[in-house]
Amino acid sequence: MSDFFYQKRIWITGASSGIGEALAYALAAHGAQLILSARNEAELQRVASEATDRGAKNSLVQPLDLAQHDAIPGIVDTVLKQVGKVDILINCGGISQRSLVLDTPLEVDKRLMEVNFFGTVALTKAILPSMLTHQLGHIAVVTSLTGKFGSPKRSAYAASKHALHGFFDSLRAELAHTPIRITLVCPGFVRTNVSINALTGSGRAQGTMDDATDKGLAADDAARRILRAIQNGKEEIWFGGKEVLGVYLKRFFPAYFSKVLSKAKVT
Ligand SMILES: NC(=O)c1ccc[n+]([C@@H]2O[C@H](COP(=O)([O-])OP(=O)(O)OC[C@H]3O[C@@H](n4cnc5c(N)ncnc54)[C@H](OP(=O)(O)O)[C@@H]3O)[C@@H](O)[C@H]2O)c1
C-alpha cells in the first residue's frame, strides 16, 4: 500500500469501536493524520493514544453525535480550523437493529434513520464545500450487505443502509467532473460490538453477541479491505463470508433468494 495514506488527513466516524477503531490503527501504521469521532470521548482518547503508539502523525479527538444534526456544521468548522482540510472522510459510525417490524415502534425506526442515514448525510454535506474548494477528497461510506438486500429483524437498519446507496450513488454522479471520489463499503459479518449495540424494539441495545457476528471477519481484515478499496478508487465493494452470495442471488435469482431468506435462521 506504499505511502498512499502517509500524512493524509483522514476523518473516521465510529472510531471508538469495531471497524472504525481498526481503520484508525491500520491508518496509523501508514503515518496518517487522524480525526477520530464518535460519542464516547474516553474511548476515542484510548484509540487516539494507541494510534499514536502505532505511528499516527496526529490524532485529533472530535466527539460527535450523528443524531445531533444541527451541531454537525459547527463541528466541521472546528475540525477544519484545526487541520485545514480533510483528504478522506470515512463514514463508519452506525447502529444496527435486532427486532421484527411488528415489535418495532416507529421511534426506533426513526432513530436508526437519524443516526445511520441523516447523520452521515449531514456530515458529508458539511464537509463537501471544503473538499470542492481544495479540489480534493474521498468519501467512503460503510453501509452493509444489508444495504444490498433486506433481511428479517433488520428492517429499518436495511432501509437506512439502502438509503445511503441511493444518496451516495447520486452524489457520485453529481461529482463525476470533480476529483472527489465516493466508495460504498458493504461488509457482511464482522466481529465487533455491532450486535451488542444493536437496537431492539424497546429502543435499548440487545446487549449480547450474535453467533454470526462472533464468527465474522476480524475487524482489522475489514479495515485492510476498506483501505485497499479507497486507494484503488473503487466505487463499491462487498466482503464477508457466504452471506456475500446474497448479492448475486438477489440480483439473478430474486424469487429463489426470497425463499432462502424466509428459511434463514435469523439472530
Ligand atoms: N460488524 C458488522 O458485522 C457490520 C456489518 C455491516 C456493516 N457494519 C457497519 O459498520 C459500521 C461500524 O460498526 P461496527 O461493526 O464497528 O460496530 P460497533 O463496534 O458497534 O461500532 C459502532 C461505532 O459507531 C459509533 N456510533 C454509534 N452511534 C453513534 C452516534 N449516534 N453518533 C456517533 N457515532 C455513533 C459508535 O461509537 P459511540 O457509541 O462512541 O458513539 C462506534 O464507534 C456501522 O455503520 C455498521 O452498520 C458492521
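**Exercise 1.** In this predicted model, work out in which sense strand 1 and strand 4 pair, and over how many bridges.

*Solution.* Start with the ranges: strand 1 covers residues 9-13 and strand 4 covers residues 88-91. The two pair in the parallel sense, over 3 bridges. For one concrete contact, pick Ile12: its bridge partner in strand 4 is Ile90. Now zoom out to the whole sheet, which is open, has 7 strands and runs in the order 3-2-1-4-5-6-9 with parallel pairing. At its edges sit strand 3 (58-61) and strand 9 (236-239), each pairing on one side only.

**Exercise 2.** Check whether the span of helix 1 agrees with its number of residues, then decide how enclosed the helix is.

*Solution.* Helix 1 holds 12 residues (18-29), and at 1.5 Å a residue it should span 16 Å. Its end C-alpha atoms are 17 Å apart, which agrees. Next, burial: 11 of the 12 residues are buried, so the helix is largely enclosed by the rest of the structure. Among the buried ones are Ile19, Leu23 and Tyr25. Where does helix 1 lie? It lies across strands 1, 2, 4 and 6, running at about 165° to strand 1. Just after the helix, Gly31 takes a positive phi of about 75°.

**Exercise 3.** Explain why Cys92 and Cys186 don't form a bond.

*Solution.* Recall that a disulfide is a covalent bond between the sulfur atoms of two cysteines. To count as one here, the sulfurs must be within 2.5 Å. The sulfur of Cys92 has its closest cysteine sulfur in Cys186, 13 Å away, so that's too far for a bond. The count comes to 0 disulfides. As for burial, Cys92 is buried at 13% relative accessible area, and Cys186 is buried at 0%.

Note on methods:
Residues numbered from 1 in each chain as written. Predicted model: local features only at pLDDT ≥ 70, side-chain atom pairs only at ≥ 80, totals over all residues. Heavy atoms only, no water. Helix = DSSP H or I, 4+ residues; strand = E, 2+ residues; numbered from the N terminus. Expected span 1.5 Å × (residues − 1). Buried < 20%, exposed > 50% of the residue type's maximum accessible area, 1.4 Å probe, protein only. Pairing = 2+ DSSP bridges. Contact = heavy atoms within 4.5 Å. Axes fitted to C-alpha atoms, helices over the stretch in contact; angles between N-to-C directions.
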